[in-house]
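Me: Please take a close look at one loop residue and the loop that holds it. Then work outward from there, one connected step at a time. What does the surrounding architecture look like?

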Amino acid sequence: MHRVLVSRAPRKPFNWLTSFNLSRCAHSLPFATVEPEEISASQPAEVYNLVQGKWTGSSNWNTIVDPLNGEPFIKVADVSEKEILPFVESLSKCPKHGLHNPFKAPERYLLYGDISAKAARMLCLPKVSDFFTRLIQRVSPKSYQQAFGEVYVTQKFLENFSGDQVRFLARSFAVPGNHLGQQSHGFRWPYGPVAIVTPFNFPLEIPVLQLMGALYMGNKPTLKVDSKVSIVMEQMMRLLHQCGLPVEDVDFINADGKAMNKLLIEANPRMTLFTGSSRVADKLAVDLKGRIKLEDAGFDWKILGPDVQEVNYVAWVCDQDAYACSGQKCSAQSILFMHENWSSTSLVSQMKDLAARRKLEDLTVGPVLSFTTEAMLEHMNKLLQISGSKLLFGGEELKNHSIPPIYGALKPTAIYVPLEEIVKANNYELVTKEIFGPFQIVTEYKHDQLPLVLSALERMHAHLTAAVVSNDLHFLQEVIGQSVNGTTYAGLRARTTGAPQNHWFGPSGDPRGAGIGTPEAIKLVWSCHREIIYDVGPVPSHWEIPPST
């Protein structure tokens with residue numbers, strides 16, 4: 001070390017991240033209460049609730065089993081219907097005008113810009129990103145790359161909303177009035193008390209992006225993540241607290257569906273964001289009198305156009321879209337419509353070979369957490385009873401596994417069903433049933449059958465993601481112009497999955513549809529419009545009371 005004898009430079013500000021790196025031992029993180037590799041039946045992790053600024057347990061602890069071997073390895077403090085009162089009271093304390101808005105505590109917009117910046121820098125640290133990646137793998141088994149993708153997107157999102165970007169979300173506009181002193185101003189206004197319910201398949205990305213969006217706009221959220229994976233978000237909440245998140249700003253609850261439903265009805269949040277199954281979504285829409293935004297099921301389609309090219313690449317993307325995360329993405333490719341020109345290529349055989357590479361050892365295929373093996377095979381057998389249908393590949397239980405029977409263990413599977421059979425009234429509902437696992441339908445259409453394909457799309461209930469794989473502009477225009485999916489990829493490299501943080505992700509065609517990840521999504525889901533009309537005068541001189549009207 002040597003001294004610099006030239007002019008003095010200003011002292012650098014204290015870097016808390018550098019201090020964190022140097023001061024912690026190799027096996028600990030300042031926010032973490034678990035070590036992913038050490039969670040086991042002999043050393044079970046515990047997941048707590050957060051309400052009114054305090055971490056709490058409950059009278060009942062729900063045991064979560066390891067999805068790879070069935071051993072009990074996590075205990076979750078499960079809030080019962082009789083224990084929801086503190087959460088109801090906490091939400092009820094938040095006024096409808098929120099914790100901040102353009103006229104109230106605007107410094108909190110800056111606070112959340114700082115929190116986002118600090119959290120983004122934390123997730124940039126290899127030790128921290130690896131911690132969350134491995135923790136995700138323990139509870140929602142997927143390949144390291146897929147799990148890391150969640151952490152990466154979350155980090156980039158937080159980076160995107162650092163600094164002044166939070167207050168830019170609340171940007172207003174003004175319109176000149178009819179006379180001097182009159183102006184109308186449009187503002188984005190929070191809902192105040194809100195709720196967030198998120199599923200198991202993305203334990204970090206979905207809850208963080210929706211939670212932070214709610215907080216940016218001035219709301220007070222109660223967050224519920226599927227208990228099978230809620231340990232990931234519990235650890236992320238602790239990280240956010242270390243980055244400056246006020247502990248009273250968010251309540252975090254573990255509860256079953258009945259208790260959470262009761263909480264929502266009694267606390268009466270002004271808006272609820274639900275990501276999950278269509279069945280539950282439709283029930284909540286009624287229970288909550290429409291005060292809800294949804295990102296529900298997706299039976300997502302891909303159409304291969306007439307221009308055949310780059311078969312190797314298209315086959316690889318099809319494999320990723322259908323089978324990455326064992327098909328447990330709401331954007332997963334559920335059905336593939338191939339133009340007849342693709343039938344003479346090696347596309348299907350390459351898809352079969354790519355699917356065969358997936359193995360349990362590296363979690364490129366793994367447990368299915370919402371369907372049993374028996375249920376998926378039963379669905380397959382029903383499909384195979386349709387005239388002309390056939391098994392292209394898969395259709396068997398994984399070999400040499402210890403996945404517990406409450407979950408599914410299926411090889412990546414593809415079933416061919418003729419297009420003419422798909423559109424029949426007695427087959428359509430069966431063929432388009434979403435199987436949240438490594439399972440897809442494949443069909444073929446002739447050049448003059450595109451209208452039949454488009455009519456099949458029109459009959460679908462969920463409109464989340466889609467892909468039109470073609471560089472034929474006229475073909476793209478025809479398909480895009482006659483479909484509605486909210487996140488549609490178009491062109492040779494089109495996919496259905498892998499949405500990053502830099503574009504809208506969400507369904508279309510439903511006024512309840514939610515988005516995630518972008519300024520437009522945050523403003524749509526987590527704020528409403530408020531118009532304030534200033535009319536300060538002056539009153540014209542010589543003004544007189546006019547006749548009655």
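**From one loop into the core**

Reply: Asn-400 counts as exposed, because its relative accessibility is 80% and the cut-off for exposed is over 50%. The model is a predicted one. Asn-400 sits in the loop between β15 and β16. Its phi is near 50°, a positive value in a residue other than glycine. Most residues other than glycine have a negative phi.

Follow the two strands that flank this loop. β15 covers residues 390-393 and β16 covers 413-416. Both pack against the buried residues of α13, as do α15 (425-431) and β17 (439-445). Which residues of α13 (373-383) are buried? They are Thr-373, Met-376, His-379, Met-380 and Leu-383. Seen down the helix axis, these buried residues fall within an arc of 135°, so they line one face of α13.

His-379 carries the path further. This buried residue of α13 also lines the largest cavity. That cavity holds about 60 Å³ of space. Its lining also includes Phe-299, Ser-334, Val-431 and Lys-433. Glu-434, Ile-435, Phe-439, Gln-440 and Ile-441 belong to the lining as well. Which element gives the most to this lining? It is β17, with three residues. So much for the contributors; by class, the lining has five nonpolar, three polar and two charged residues.

The second largest cavity has lining residues in common with the largest. Ser-334, Glu-434, Ile-435 and Phe-439 appear in both linings. The second largest cavity holds about 50 Å³ of space. Its lining divides into five nonpolar, five polar and two charged residues. Among them are Gly-298, Ala-322, Gly-327, Lys-329, Ala-332 and Gln-333. Phe-436 and Gly-437 line this cavity too. Cavities of 30 Å³ or more come to four.

Phe-436 and Gly-437 lead to Gln-328, which touches both. Gln-328 is found in the loop between α11 (311-323) and β14 (333-339). Is Gln-328 buried or exposed? Buried: its relative accessibility is 5%, and the cut-off is under 20%. Gln-328 has other partners too, leaving aside residues up to four places away in sequence. One run is Phe-200, Asn-201 and Phe-202. Another is Pro-367, Val-368, Leu-369 and Ser-370. In this way a loop residue is in contact with several separate stretches of the chain.

Lys-329 opens the next step. This residue lines the second largest cavity, and it is one of those nearest the centre of the second largest pocket. Gln-146, Gln-320, Thr-497 and Gly-498 are also nearest that centre. The pocket holds about 1000 Å³ of space. Its lining counts 40 residues, of which 18 are nonpolar, eleven polar and eleven charged. α5 (144-160), α7 (205-216), α11 and α12 (347-357) each supply at least two of them. α5 gives the most, with seven residues.

α11 has a neighbour that recalls the starting point. Glu-310 lies in the loop between β13 (300-304) and α11. Glu-310 is exposed, with a relative accessible area of 51%. Its phi is positive, about 45°, although Glu-310 is not a glycine. Asn-400 likewise has a positive phi and is exposed.

One more backbone feature deserves a check. Gly-537 and Pro-538 are joined by a cis peptide bond, with omega about 20°. Most peptide bonds are trans. Pro-538 belongs to the segment after β20 (528-535).

Last, confidence. The protein averages a pLDDT of 94, and 95% of the residues score at least 70. Where does pLDDT stay under 50? Over residues 1-27, for which the model has 20 contacts beyond four places in sequence.

To retrace the route: Asn-400 is in the loop between β15 and β16, and those strands pack against the buried residues of α13. His-379 leads to the largest cavity. Residues of that lining also line the second largest cavity. From there, Lys-329 leads to the second largest pocket.

Terms used: Residues numbered from 1 in each chain as written. Predicted model: local features only at pLDDT ≥ 70, side-chain atom pairs only at ≥ 80, totals over all residues. Heavy atoms only, no water. Helix = DSSP H or I, 4+ residues; strand = E, 2+ residues; numbered from the N terminus. Buried < 20%, exposed > 50% of the residue type's maximum accessible area, 1.4 Å probe, protein only. Contact = heavy atoms within 4.5 Å. 1 Å grid on protein atoms, 1.4 Å probe; cavity = no way out; pocket = protein on both sides within 12 Å on 5 of 7 lines; lining within 4 Å. Points joined across faces, edges and corners; volume = space filled by probe spheres on them. Nonpolar A, V, L, I, M, F, W, Y, C, P; charged D, E, K, R; others polar. pLDDT = per-residue confidence, 0-100. Arc of directions from axis to C-beta.
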